Amino acid sequence: MDVLLEIFQTTFVGFSKAAWQTIQLTFWSLLLGIGIGIIFAFFKISKYKVLHIIADIYITFIRGTPLIVQIFIIYFGLAQMNIVTLEDFTAGVLALAIHAGAYIAEIFRGSIQSIDKGQMEAAQSLGMTYPLAMRRIILPQAFRRSIPALGNQFIIGLKDSSLVAFIGGKELWATAMTTAADNFRQFETFFINGLYYLVLVIIFTYLLKILEKKLDVEQRGEAT
Amino acid sequence: MIRVKNLHKSFGSNEVLKGIDLEVHESDVVVLIGASGSGKSTFLRCLNFLEIEDEGEIYIEDQLIQPKSTPLNKVREKVGMVFQHFHLFPHKTVLENIIEAPVKVKKIPKKQAETEALALLKKVGLAEKANVYPYSLSGGQKQRAAIARSLAMHPKVMLFDEPTSALDPELVGEVLTVMKTLAQEGMTMIVVTHEMSFAREVADWVAFMDQGKIIEIGPPQQIFEDPQEARTKEFLSRVR
Ligand SMILES: Nc1ncnc2c1ncn2[C@@H]1O[C@H](COP(=O)(O)OP(=O)(O)OP(=O)(O)O)[C@@H](O)[C@H]1O
Ligand SMILES: [Mg+2]
């Protein structure tokens, strides 16, 4: 126990910095992932077949290959092909975003399609165009409905960000690796490392609950 | 106001509308009756272009509407629709529901739209419900709010598709009262309903639909007291 406490103290500064790095990786990648997700969700519900196919290829490729492979392609692969040389952080954000985007696209598609089609018809019968009705009526409802699944994806993204360590990201897990290599206290170091992730997930889950409650007060269930 | 000529509509191989002709003049109230599946809803939805006809002509205010070339959103501004299941926007308050289209479609200043919306809410008896969300309303209140929302666009004609069918019996009256007031004010209305007393009292014309056609139309008195077609007689004997 003493050892654990001692290691907690000696690693505190390093882990705190790394935790901030993890938060940033997660935040930016998921923000970008949401943007990608919206675009591909629209591809999937559009009436143009080409867009469906593009979305299907993207989603199939992302879901069918390991994230670590995707990270390496973007960081090492693009540089080797002389396409673009990215910093580890940028490559990490990009890879995580492209990865999460595929899942988020499916989340958004599902929640858009789950909105009663009477909503679109009512909006259109009032003279709203399809894009206006989408933006003002369908998407706000779909977004609220997607929050639980989106929250889940966020938690997965937070933990997935550890893989950015492999391309030199200075996030939580990378820091645990270097720390343990120094102090030879694998158990304590990784245990504490795990606690940092756990605390981040718990804080995030709590914030999500508050958000859901707040939206729920405004709009209870499906009541129309 | 509305003229329909030889309207046909199929879903796949199921021909639902088999040549409908109808002329509705300004301030007319037309009540459409007919058995389930006879195509009443489909016909109303065609008038609002939620379904596009396969064949035939629809004139609204003497303008032939060609779904391929006429901007349908502009047409729909003139044709209000009230649905069986209300379809209020659940993420908006009653007031926000009503001002949404006037502000976003007609670009009316928000303040002015709100003033108008409050007047409409008063008219349908919901003045004190302006700032609540739809979930907290009863069915009858929801339907009255939906009527107010539709009226806010100042439609030339209002379509009602079984506006009271989803309501508890004790809530039907309050919605019908609002509709009656509208009719008295001279609103042009096409109403699908099973409320025969409403048809008798309010309709100028009652049209009986059967298997995708209007087979009989006339003043309520004639249709209810002296129907000419055997199928009309048979239908009326069943609903009475
Ligand atoms: N979107 C659709 N796709 C396929 N078939 C449809 C569609 N909408 C309606 N139909 C069919 O068209 C026929 C007429 O339906 P419609 O809803 O117009 O009848 P209705 O007279 O309004 O009946 P009800 O009194 O039950 O509302 C039915 O056989 C129905 O199954
Ligand atoms: Mg119907």
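In the predicted model, the association of chain B with chain A buries an area of about 2,400 Å², 60% of which is contributed by carbon and sulfur atoms. Three residues of chain B, namely P90(B), H91(B) and Y135(B), together account for 28% of the area that chain B buries against chain A, a share greater than that of any other three residues. In terms of contacts, 28 residues of chain B meet 24 residues of chain A.

The polar component of this interface comprises 2 salt bridges between chain B and chain A, one of them formed by R45(B) with E121(A), whose closest N and O atoms lie 2.7 Å apart. Across the interface of chain B and chain A, 4 residue pairs are found in polar contact, with both partners at pLDDT 80 or more. On the side of chain B that touches chain A, two or more residues each are given by the helices α2 (72-78), α3 (94-104) and α5 (139-151) of chain B, and by the strand β6 (79-82) of chain B. The residues on this side of chain B are divided into 14 that are nonpolar, 8 that are charged and 6 that are polar.

The two chains can also be described separately. For chain B, the UniProt record, an unreviewed entry, places the feature "domain: ABC transporter" at residues 2-236. Over residues 2-236 of chain B, helix makes up 38% of the chain and strand 26%, while the C-alpha atoms at the two ends are separated by 27 Å. Chain A, in turn, contains 8 helices and 0 strands, and its pattern along the sequence accordingly reads α-α-α-α-α-α-α-α. The C-alpha trace of chain A extends over about 70 × 50 × 25 Å along its principal axes.

As regards confidence, the model as a whole scores ipTM 0.93 and pTM 0.87. The mean pLDDT of chain B is 94, with 100% of its residues reaching 70 or more, whereas chain A has a mean pLDDT of 92, with 96% of its residues reaching 70 or more. Within chain A, the helix α8 (residues 186-218) has the lowest confidence, at a mean of 90, and the helix α5 (residues 117-125) has the highest, at 97. Where pLDDT is low, the predicted coordinates should not be interpreted in detail.

Terms used: Residues are numbered from 1 along each chain as its sequence is written. Chains are lettered from A and ligands numbered from 1 in the order in which they are written. This is a predicted model: local features need pLDDT of at least 70, side-chain atom pairs count only at pLDDT 80 or more; totals for chains, interfaces and linings use all residues. Side-chain values use heavy atoms; hydrogens and water are left out. pLDDT is the predictor's confidence in each residue, from 0 to 100. Contact means heavy atoms within 4.5 Å. Buried area is the accessible area (1.4 Å probe) that two parts lose on being put together, summed over both. A salt bridge is a side-chain nitrogen of Lys or Arg within 4 Å of a carboxyl oxygen of Asp or Glu. A polar contact is a pair of N or O atoms within 3.5 Å; within protein, one must be able to donate a hydrogen and the other to accept it, and residues adjacent in sequence count only if both atoms are side-chain atoms. Helices (H or I, at least four residues) and strands (E, at least two) are DSSP runs, numbered from the N terminus. Ala, Val, Leu, Ile, Met, Phe, Trp, Tyr, Cys and Pro count as nonpolar, Asp, Glu, Lys and Arg as charged, and the others, Gly among them, as polar. UniProt positions are given in the numbering used here, feature names are shortened, and annotations may be inferred rather than shown by experiment.
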